[in-house]
Amino acid sequence: MYQVNDNYQKLPGSYLFSTIGKKVNAFTEANPEKSIIRLGIGDVTQPLAPAIIEALHKAVDEMANAETFRGYAPDLGYEFLRSAIAKNDYEARGCNITADEIFVSDGAKSDSGNIQEIFSVNNKIAVCDPVYPVYVDSNAMAGRTGTYDMAAEKWSNVIYMPCTRENNFVPEFPKETPDIIYLCLPNNPTGTTVTKAQLQEWVDYANKVGAVIIYDGAYEAYISEEDVAHSIYECEGAKTCAIELKSFSKNAGFTGVRLGYAVVPKELKCGEVSLHSMWARRHGTKFNGAPYIVQRAGEAVYSEAGKAQLKEQVAYYMKNAATIKNGLQDAGYEVYGGVNAPYIWLKTPEKMTSWEFFDYLLENANVVGTPGSGFGPSGEGYFRLTAFGSYENTVAALERIKAL
Ligand SMILES: *Cc1c(COP(=O)(O)O)cnc(C)c1O
């Protein structure tokens, strides 16, 4: 009789978005005349930029001719895209990352879930709390996280680094030394980030204790402040301790198109073992490359027209973020994030729990957000609103919240 991977049985159910869905459905059934505004979504809403659509069409036409048709893409990505990434995301920022250190993928969710498999099951991971759930769940599936304590909402073998207003949402070095450290900056869900100097401290720490940092830079395009690093490789010594994951989803609206990349520097070694070689081997064995059409679309992200159009798209969402942030502040809320990320993280008023505030907002303002407790125990007492809606809806939602 076969056996299943028991680690899956240890996973707690993910009730956050299904509970939100149920509550919203129950409310709309009871109040069919009320119009709901959703500021809970973590998905983009603006269409793909014209430069990207043009590149997609052109690549589709190439597929219709024997002379220009492309089959399997190179495992690690087409040279045209890897070069464009190296030049624009790294060289332009003074980071010494070459095209052959870039591994093109179908997105940062896959990469952040898959990357753990090149590490021993004996490694101990450290994550921020609250956190993007993929890091912990993928390690749980691999059997690295121990047992789950329902009451504490924590795994026995995971190091949690609380990020709250008390520490300005900057994780502190944990008491117990981790082997693998996950950092997502700017952060989902808190919308906050750290300065380049603070990131440098984490790089120094990882090099000192012999840990590897998995750096999720999905929200890099939203950075507006000068002293925030756009890549972890802006920090000295990062090439010997960090893997960076990037996505085309939030900067270019590729959530339904699917494209991302991982940077694994050649200098990143565990003793004599090259992580670059291991990830190349993993990619070559288990992945047959992102689609040619999509990689051409990715290339267009770095064209002059693409860059200009995407700058506008990001600005559109950040105008929403400012609208939410300023509106909430005017209404007397304690608000974080929204400056270097499309997320606003607010402290719930009057000691309401995250779910109490969810109900309050749904019933009285007909606005839907995401309870902070859904991202980890330290998210209790916080609430996330996203800037990914339309400007009109965002303004209307804030009018309603201000009128409460
Ligand atoms: C949205 C998001 C991603 C992007 O994932 P894709 O698979 O590239 O769409 C990665 N990490 C975080 C934290 C995110 O919020």
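This passage goes through a ligand site, a loop residue, a helix and the cysteines of a predicted model.

Let's start with the ligand. It has 14 residues around it, and those that come nearest are Tyr219, Ser247, Ser249, Lys250 and Arg258. Two of these turn up again among the polar contacts. In the case of Ser247, an N or O atom of the side chain sits 2.7 Å from a ligand oxygen. For Lys250, the distance from a side-chain N or O atom to an oxygen of the ligand comes out at 3.4 Å. Lys109 gets involved through its backbone instead: a polar atom there is 2.9 Å from an oxygen atom of the ligand.

Next up is Ser224, which is found in the loop that runs between β8 (212-216) and β9 (242-247). Leaving aside residues up to four places away in sequence, Ser224 touches Val339 and Asn340. Ala341 belongs in this picture too: it is 117 residues from Ser224 along the chain, yet the two C-alpha atoms are separated by 8.6 Å.

Helix α13 (residues 391-402) lends itself to a quick sanity check on its length. With 12 residues at 1.5 Å a residue, the helix should span 16 Å, and the C-alpha atoms at its two ends are indeed 16 Å apart, so expectation and model agree. As for burial, Thr394, Ala397, Leu398 and Ile401 are buried in α13. These residues cover an arc of only 95° around the axis, and therefore lie on the same side of α13. What does that buried set pack against? The partners are two strands, β1 (37-38) and β15 (367-368), along with two helices, α11 (304-330) and α12 (354-365).

That leaves the cysteines. A disulfide is a covalent bond joining the sulfur atoms of two cysteines. How many disulfides does the structure hold? The count is 0, and a couple of sulfur distances help to show why. For Cys235, the closest cysteine sulfur is the one in Cys241, but at 8.7 Å it is too far for a bond, given a cut-off of 2.5 Å. Cys241 also supplies the closest cysteine sulfur to Cys270, and here the gap is 13 Å, again too far for a bond. Is each of these two cysteines buried or exposed? Cys235 has a relative accessibility of 3%, so it counts as buried, whereas Cys270, with a relative accessible area of 56%, is exposed.

Technical notes: Residues are numbered from 1 along each chain as its sequence is written. This is a predicted model: local features need pLDDT of at least 70, side-chain atom pairs count only at pLDDT 80 or more; totals for chains, interfaces and linings use all residues. Side-chain values use heavy atoms; hydrogens and water are left out. Helices (H or I, at least four residues) and strands (E, at least two) are DSSP runs, numbered from the N terminus. The expected span of a helix is 1.5 Å times one less than its number of residues. Buried means under 20% relative accessible area, exposed over 50%, partly exposed in between (1.4 Å probe, protein chains only). The arc is that of the directions from the helix axis to the C-beta atoms. Contact means heavy atoms within 4.5 Å. A residue is near a molecule or strand if one of its heavy atoms lies within 4 Å of it. A polar contact is a pair of N or O atoms within 3.5 Å; within protein, one must be able to donate a hydrogen and the other to accept it, and residues adjacent in sequence count only if both atoms are side-chain atoms.
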